[in-house]
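Me: I've got a structure to look at and I'm not sure how to read it. Could you walk me through some features, one at a time?

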Amino acid sequence: MKTHAQAVVIGGGVIGCSILYHLTKLGWNDVVLLERDELTSGSTWHAAANIHGLHDSANISRLQHYTMKLYNELEAETGQSCGVFQPGSLYLAQTEAREHQLRLQAAKARLYGMNFSEITRERAEELHPLVNFDGIRCIMWEPDGGNVDPSGVTNAYAVGARQKGAEINRFTPVTATVQQPDGTWIVETPKGNIHTEWVINAAGLWGREVAALAGIELPLQPTEHQYFVTETIAEIDALDRRLPSVADRDGEYYLRQEGKGLLIGAYERDMKFWAEEGTPLDFAHDLFPDDLERIEDNMMRAIDRVPVVGEAGIKRVINGPMIWSPDANVILGPVPELKGYFCCNGIIPGFSQSAGMGLMVAEWLTTGEMKYDMFAWDIARFGLWANDREFVKAKVQDQYAHRFAIHYPNEERAAGRPLRTRPVYGMQREMGAVFGLNYGWEHPQWFADAPGAKDTNGFTRQNWWGPVGEECRMLRERAGIIDISNFAKYRCKGTGAEAWLNSVFANTMPKSVGRSCLTPLISVRGGIAGDATVTRVAEDEFWIVSSGMAERYHKRFFDMVPLPQGTTFKSHTEAMCGFNVAGPRSRQLLQRLTNTSLATEDFPFMRSQRIELAGVDCLALRVSFTGDLGWELHCATEYQETLYRALLDAGKEFGAGPVGARALMSMRIEKGYGSWSREYSPEYYPHEVGLGPLCKMGKDFLHKAAAERVMAEPPREQLVLIHIDEDATGASNADATGGEPIFKGDRPVGRVTSGTYGYTVGMSLALGYVKAGTAAPGDEVAVMVLGRPHKARILHEPPFDPSGEKLRA
């Protein structure tokens with residue numbers, strides 16, 4: 001066994017072997033995989049191993065298509081069979097909402113060149129004569145869908161990795177991972193130790209236990225999961241071809257051919273946890289006792305759809321473990337607080353994503369960053385707060401029981417909440433606030449007339465659409481008070497603060513006390529890793545405000561530049577809270593509470609002052625994400641309720657009141673403002689998103705060379721603001737929400753990143769990207785709202801205050 005390696009992969013399931021293979025494929029050949037038992041032990045060997053390409057996320061769809069394509073190539077490369085069957089997949093919609101989802105996916109397939117389209121019932125009956133299609137509103141066909149052999153795929157990855165120089169050690173449990181003073185690691189095993197720059201935890205069911213060896217806690221929880229295989233079915237035995245799989249997600253089961261029978265699996269509501277206190281170390285190729293009563297309701301729905309299932313005997317039942325994260329997505333990426341430790345844990349659709357996941361891990365390790373924005377998979381989307389065991393169990397229970405439920409735009413699931421609340425939470429709840437989850441925090445989305453209201457969910461306009469409009473109009477006509485405590489807040493202090501911030505951020509830091517600037521944070525490949533407002537509050541002190549949900553993600557970038565001696569950089573997100581008071585009467589409202597003059601000549605746009613409001617010490621910034629006249633007010637958390645009550649009381653005179661996050665979303669799109677994780681991400685370059693002028697090339701900053709390289713090339717695409725025809729959106733009772741393709745004629749030209757109704761400009765609006773040279777301001781395009789073309793036009797300028805007069809008033 002080697003004593004040194006570039007990377008050590010812990011775990012010999014399909015994901016660990018894929019990571020090993022892709023590392024060698026990208027040039028890292030001095031790599032080792034350690035497996036405590038035999039390859040595939042744990043949850044890989046008993047997987048149903050279905051494969052499909054389409055996902056609600058475009059980037060996950062890309063990776064799933066890469067995975068499906070690679071299996072055949074892997075067979076040819078290694079000579080190891082992957083057991084690939086691709087008879088196709090039928091996707092059924094029983095409800096209007098499912099039809100909307102499938103039509104959106106079909107539109108995205110056209111945009112990305114994927115094979116997924118609607119077919120007639122007659123064609124579907126030809127493809128699968130055993131299915132009863134009564135009650136089905138819409139049928140989609142994916143010709144490449146199917147399944148693979150779990151052991152075959154895993155071994156093919158292993159063979160491919162070995163052929164390129166990797167070493168695999170079976171029956172080699174890891175007993176310790178010890179970080180060295182230089183950040184490297186010693187991985188200890190009974191067969192010897194390995195010194196490595198990177199430890200990759202791909203330990204599957206034992207992901208928690210392996211993480212604990214390094215002092216890490218991961219929010220993971222295993223469950224039981226069942227499927228069964230029927231005896232031979234005469235109608236299938238008589239066929240000379242393989243039947244397509246059936247995705248009847250409204251029925252909450254999956255079904256495909258297995259041998260000459262059928263395989264049926266389910267995610268039942270009456271789910272069952274396993275190994276709550278830890279996965280047994282002696283578990284390997286084990287299963288649990290059959291418990292088909294738990295999935296009886298799902299089985300009956302499968303029988304209704306495919307009646308021959310009810311007449312067939314059961315050949316075998318598989319009841320085995322799976323391990324879940326709180327949102328059912330993989331926990332992937334370098335642990336931000338620990339150098340050289342990479343996680344890839346909690347994978348559910350492993351065989352649809354194995355190659356894509358392995359490729360992303362290998363890209364990150366070998367180049368420093370993935371080519372796609374995969375924040376939805378990033379370990380940094382969870383903070384340490386997510387390790388609360390009751391929260392994890394509640395979320396996993398909800399995810400398992402609703403595995404096939406539609407994840408609607410703006411949907412906020414209640415399981416495991418509230419987890420983190422701020423002092424005004426109870427007060428806001430009594431005011432009718434309907435909350436969402438933002439990095440673990442409860443945060444007001446909108447305000448109902450009375451306490452206890454809940455969101456309805458769907459692709460069309462929901463119960464919050466009207467109240468959000470009232471909040472927008474109140475702020476634009478008078479004033480509104482928005483809780484912005486979810487923003488990340490940092491303080492950088494010391495004699496080296498200015499120099500350090502200049503070396504991190506692309507813009508030049510403010511020279512004068514009281515001035516602010518907007519600045520990009522550049523990613524490894526030259527994209528937008530983040531954006532921040534930086535304010536100089538003293539000669540040696542700066543206040544930084546950025547995306548709250550990206551706080552742990554951004555830590556990786558901040559840690560890339562060493563702090564000068566005597567200089568500190570510290571998060572104040574928990575210690576400080578904030579409100580944005582905005583609207584044409586916001587100045588009058590705030591002036592009632594302070595002796596500091598808020599007149600334009602005394603407190604101009606993009607300036608800051610420390611002021612006292614209603615006896616509360618605040619840092620006031622003359623900025624507003626609404627695009628309107630306004631101030632951000634930041635105070636110590638213990639004074640949040642005092643300040644909030646004072647603002648609301650003073651607001652009564654002016655007809656002002658509380659405003660939620662959905663109204664803020666509408667107003668920032670009316671102004672054409674981008675938002676991190678939507679318009680701003682590592683996939684988009686500064687000159688494509690309108691942030692090029694904020695990258696000051698006359699100084700050094702983090703990843704400047706990458707920014708210079710990408711900005712030297714013409715933009716690949718451009719961020720545009722689109723007005724969608726009201727006749728179309730009104731008729732469909734829907735607005736764009738993000739992800740909808742944009743077409744010009746029959747040609748796909750781009751996709752929506754954010755969408756909303758602009759209540760104060762009377763327009764259904766969308767921000768999105770179009771390929772360079774394909775469409776320009778004034779051009780007519782079609783936006784695929786609900787998967788159907790809606791007439792739209794690219795705007796020349798934002799419909800709200802395009803000259804910025806109100807913002808600077």
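Me: Let's start with S28 and strand S29: how many bridges join them?
Reply: The general idea is that strands of a sheet pair through backbone hydrogen bonds, either parallel or antiparallel. In this predicted model, S28 and strand S29 (residues 616-621) run antiparallel and are joined by six bridges. To see one, find glutamine 609: its bridge partner in S29 is alanine 620.

Me: And what do S28 and S29 form together?
Reply: They form a hairpin, with two residues between the strands. Check alanine 614 in the turn, since it has a positive phi of about 50 degrees.

Me: Which residue forms a salt bridge with arginine 610?
Reply: For a salt bridge, you look for a side-chain nitrogen of Lys or Arg within 4 Å of a carboxyl oxygen of Asp or Glu. Here glutamate 541 is the partner of arginine 610, with the closest N and O atoms 3.4 Å apart. This pair links distant parts of the chain: glutamate 541 sits in strand S25 (residues 541-546) and arginine 610 in strand S28 (residues 608-613), 69 residues apart.

Me: Are those two buried or partly exposed?
Reply: One of each! The cut-off for buried is under 20% relative accessible area. Glutamate 541 is buried because its relative accessible area is 10%, while arginine 610 counts as partly exposed because its relative accessibility is 43%.

Me: How many salt bridges does a search of the whole structure find?
Reply: It finds 54. Let's pick another one: arginine 305 with aspartate 248, where the closest N and O atoms are 3.4 Å apart. Again, distant parts of the chain are linked, as arginine 305 belongs to helix H8 (residues 296-305) and aspartate 248 to strand S13 (residues 245-248), 57 residues apart. Both arginine 305 and aspartate 248 are buried.

Me: Where are the partners in the salt bridge between arginine 381 and aspartate 327?
Reply: Both are in loops. Arginine 381 is in the loop between helix H10 (350-367) and helix H11 (389-401), and aspartate 327 is in the loop between strand S16 (314-324) and strand S17 (331-334). They're 54 residues apart along the chain, but the closest N and O atoms of this salt bridge are 2.8 Å apart. As for burial, arginine 381 counts as buried because its relative accessibility is 10%, and aspartate 327 counts as partly exposed because its value is 26%.

Me: Glutamate 683 is buried yet has no salt bridge, so which side chain of opposite charge is nearest, given that a salt bridge needs atoms within 4 Å?
Reply: That's arginine 62, and it is 4.4 Å away. The cut-off is 4 Å, so this pair misses out. You'll find glutamate 683 in the loop between helix H18 (661-670) and helix H19 (704-711). Its side chain does make a polar contact with the side chain of asparagine 59, at 2.5 Å. Other residues that glutamate 683 touches include Lys371, Tyr372 and Arg716.

Me: Now the barrel: in what order do its six strands close?
Reply: When you read a barrel, follow the strands round from neighbour to neighbour. Here the order is S32-S35-S34-S33-S36-S37, and the pairing is antiparallel. Neighbouring strands of this sheet are turned by 45 degrees against each other on average, ignoring direction.

Me: What joins strand S32 to strand S37?
Reply: Three bridges do, between S32 (residues 717-724) and S37 (residues 788-794), which run antiparallel. One pair to look at is isoleucine 722 and its bridge partner in S37, isoleucine 794. Helix H18 packs on the sheet, touching S32, strand S34 (747-758) and strand S35 (763-771), and its direction makes about 125 degrees with that of S34.

Me: Why does tyrosine 757 count as buried?
Reply: Its relative accessible area is 15%, and the cut-off is under 20%, so tyrosine 757 is buried. This tyrosine lies in strand S34, and among the residues it touches are Arg461, Trp465 and Ser666.

Me: And what is the relative accessible area of proline 741?
Reply: It's 0%, which means proline 741 is buried. You'll find proline 741 in strand S33 (residues 741-744), and its contacts include Ala107, Leu111 and Val783.

Terms used: Residues are numbered from 1 along each chain as its sequence is written. This is a predicted model: local features need pLDDT of at least 70, side-chain atom pairs count only at pLDDT 80 or more; totals for chains, interfaces and linings use all residues. Side-chain values use heavy atoms; hydrogens and water are left out. Helices (H or I, at least four residues) and strands (E, at least two) are DSSP runs, numbered from the N terminus. Buried means under 20% relative accessible area, exposed over 50%, partly exposed in between (1.4 Å probe, protein chains only). Lys and Arg count as positive and Asp and Glu as negative; His and the chain ends are not counted. A polar contact is a pair of N or O atoms within 3.5 Å; within protein, one must be able to donate a hydrogen and the other to accept it, and residues adjacent in sequence count only if both atoms are side-chain atoms. Contact means heavy atoms within 4.5 Å. Two strands pair if DSSP finds at least two bridges between them. Axes are lines fitted to C-alpha atoms, for helices over the stretch in contact, and angles run from 0 to 180 degrees between N-to-C directions. Lists of a residue's contacts leave out its neighbours within four places in sequence.
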